[in-house]
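Hi there,

Here is the model I promised to pass on. Please have it open while you read, as my notes follow below.

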Amino acid sequence: MRKKVLVTGGAGFIGSHTIEGLLSTGHYSVRVLDNFSTGHRENIRHLMGNIELVEGDIRDMETVEEAVADMDSIIHLAALPSVPRSVKAPLTSNDVNASGTLKVLSAAHRAGVKRLILASSSSIYGANMAQPKTEDMLPAPVSPYAASKLAAEQYVGVFARTYKMNTLSIRYFNVFGPRQDPNSQYSGVVAKFMTSALAGEPCTIFGDGTQSRDFTYVGNVVSANIAALEATGLHGQPVNVACGERHTVIELLDTITAALGSPVQVIRAPGRTADVLHSLADCTLAAEVLGYRPTVAFAEGVRQTLEWYKTTYTG
Ligand SMILES: NC(=O)c1ccc[n+]([C@@H]2O[C@H](COP(=O)([O-])OP(=O)(O)OC[C@H]3O[C@@H](n4cnc5c(N)ncnc54)[C@H](O)[C@@H]3O)[C@@H](O)[C@H]2O)c1
């Protein structure tokens with residue numbers, strides 16, 4: 001019998017890859033809850049015959065109750081996933097990312113769902129400058145987005161301790177890969193750089209470009225999400241999932257330029273409010289809890305992603 005998994009935010013970038021990963025195992029049937037606010041129907045069009053779709057908002061309790069009914073587990077990815085967006089609209093970020101998570105947890109508990117995996121974020125480390133980031137470090141959010149994810153993590157912990165659910169927060173570090181939306185002002189840097197470079201348009205570097213990230217190919221995150229559905233010993237703890245390498249924004253652009261084989265024009269802009277300077281993960285705990293190992297390294301991930309944008313955006 002296949003286990004039933006609800007993927008909230010399944011029409012998004014990470015969600016659509018997670019669904020593909022789940023279906024490819026043959027062990028799971030998938031229901032999606034999404035309101036298509038930042039996700040796209042196009043991301044799951046090829047999966048529609050194999051999934052059940054509940055279209056609606058995680059802020060609406062009735063919708064959430066309908067979505068969690070009869071599920072064995074939940075991978076909770078639905079969120080407004082951007083630091084600059086949260087700086088502009090902190091209340092909305094909190095409503096979706098923190099209160100929305102509480103609604104999903106609460107409905108899940110009442111429906112008897114035993115397991116929930118939360119998509120959390122490296123941004124919760126914020127102003128804590130120590131590297132690499134380990135889960136026992138004190139969080140120090142510098143954006144409303146990070147604060148909302150930290151609040152969500154706290155609820156995930158509470159539902160493990162108080163209601164004995166098997167829960168886990170996975171702190172993703174700068175995920176990139178095919179299908180990441182490049183078209184919003186809030187899009188991630190990899191998607192923006194690649195589509196600008198392919199269109200022959202300039203790439204904008206905010207600040208001096210020496211800010212660094214543990215850029216993580218989406219396939220690595222998917223493997224962690226799926227492992228979390230079967231792992232034992234989940235008690236609401238957070239685990240880092242990343243590549244374990246740090247690259248500056250300038251290095252990212254150089255890697256893209258090298259893969260493209262032609263130079264890219266650069267525009268400089270002032271550093272952005274609430275951006276973290278450096279971020280590198282220690283993934284030891286994810287190895288212990290999930291058996292996690294990154295299987296696609298940064299440069300290979302960049303190559304695969306660029307190929308996808310090439311095919312999709314330039315035909
Ligand atoms: N991409 C990254 O680098 C990264 C890093 C750390 C954490 N995360 C987290 O991973 C998760 C997925 O991110 P993503 O990059 O795939 O973003 P995404 O925007 O592509 O996916 C988010 C999905 O959630 C849906 N959604 C948003 N608000 C909703 C609501 N109120 N009700 C129902 N559905 C809603 C969107 O329509 C979208 O399909 C998010 O929780 C994000 O915070 C992402």
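Buried here means under 20% relative accessible area, exposed means over 50%, and partly exposed is in between, with a 1.4 Å probe and protein chains only. By that scale Tyr309 is buried, at a relative accessible area of 0%.

Before the rest, some housekeeping. This is a predicted model, in which local features need pLDDT of at least 70 and side-chain atom pairs count only at pLDDT 80 or more, while totals for chains, interfaces and linings use all residues. Residues are numbered from 1 along each chain as its sequence is written, and side-chain values use heavy atoms, with hydrogens and water left out.

**The ligand**

Which residues come nearest to the ligand? Of the 28 residues around it (a heavy atom within 4 Å), they are Asp34, Thr38, Leu77, Tyr145 and Val175. Two of these place polar side-chain atoms by ligand oxygens: for Thr38 an N or O atom is 2.5 Å from one, and for Asp34 a polar atom lies 2.6 Å from one. Phe36 contributes through its backbone, with an N or O atom 3.5 Å from an oxygen atom of the ligand. On its own the ligand has 820 Å² of accessible area, and the protein covers 93% of that (Shrake-Rupley method, 1.4 Å probe; for residues, only the protein chains shown count as cover).

Three elements give two or more residues to the shell around the ligand: α1 (13-25), β5 (115-121) and α6 (144-163). Helices (H or I, at least four residues) and strands (E, at least two) are DSSP runs, numbered from the N terminus. The most comes from β5, with three residues. By type, the shell divides into 14 nonpolar, 10 polar and four charged residues; Ala, Val, Leu, Ile, Met, Phe, Trp, Tyr, Cys and Pro count as nonpolar, Asp, Glu, Lys and Arg as charged, and the others, Gly among them, as polar.

**Aromatic rings and charges**

How many aromatic pairs does the structure hold? There are eight, where rings of Phe, Tyr and Trp (its six-membered ring) pair if their centres lie within 6.5 Å, and planes under 30 degrees apart count as stacked, over 60 as edge-to-face and the rest as tilted. One of them is the edge-to-face pair of Phe176 and Tyr217, at 5.8 Å centre to centre with 70° between the planes. Phe176 lies in strand β7 (residues 175-176) and Tyr217 in strand β10 (residues 216-217), so this pair ties together parts that are 41 residues apart in sequence. Both residues are buried. The centres of the Trp308 and Tyr309 rings are 5.0 Å apart and their planes are at 80°, so that pair is edge-to-face too. Trp308 is partly exposed, with a relative accessible area of 24%. Phe176 and Tyr217 also belong to one aromatic cluster with Phe215 and Phe298.

Two arginines have their charged ends over rings (NZ of Lys or CZ of Arg within 6 Å of the ring centre and within 35 degrees of the ring normal). Arg41 sits over Phe36, 4.1 Å from the ring centre, and Arg272 sits over Phe206, 4.7 Å from the ring centre.

**Backbone details to check**

Phe36 comes up once more here: its phi is near 55°, a positive value in a residue other than glycine. Phe36 is found in the loop between β2 (28-34) and α2 (41-44) and is buried, with a relative accessible area of 14%. Lys164 also has a positive phi, of about 60°, although it is not a glycine. This lysine is found in the loop between α6 and β6 (166-172) and is exposed, at 62% relative accessible area.

A cis peptide bond joins Gln131 and Pro132, with omega about -10°. Pro132 lies in the loop between β5 and α6.

**A buried asparagine**

Asn240 lies in strand β11 (residues 237-241) and is buried, with a relative accessible area of 0%. Its side chain makes a polar contact with the side chain of Tyr125 at 2.7 Å. A polar contact is a pair of N or O atoms within 3.5 Å; within protein, one must be able to donate a hydrogen and the other to accept it, and residues adjacent in sequence count only if both atoms are side-chain atoms. The backbone oxygen of Lys133 lies 2.8 Å from a polar atom of the Asn240 side chain.

Best wishes
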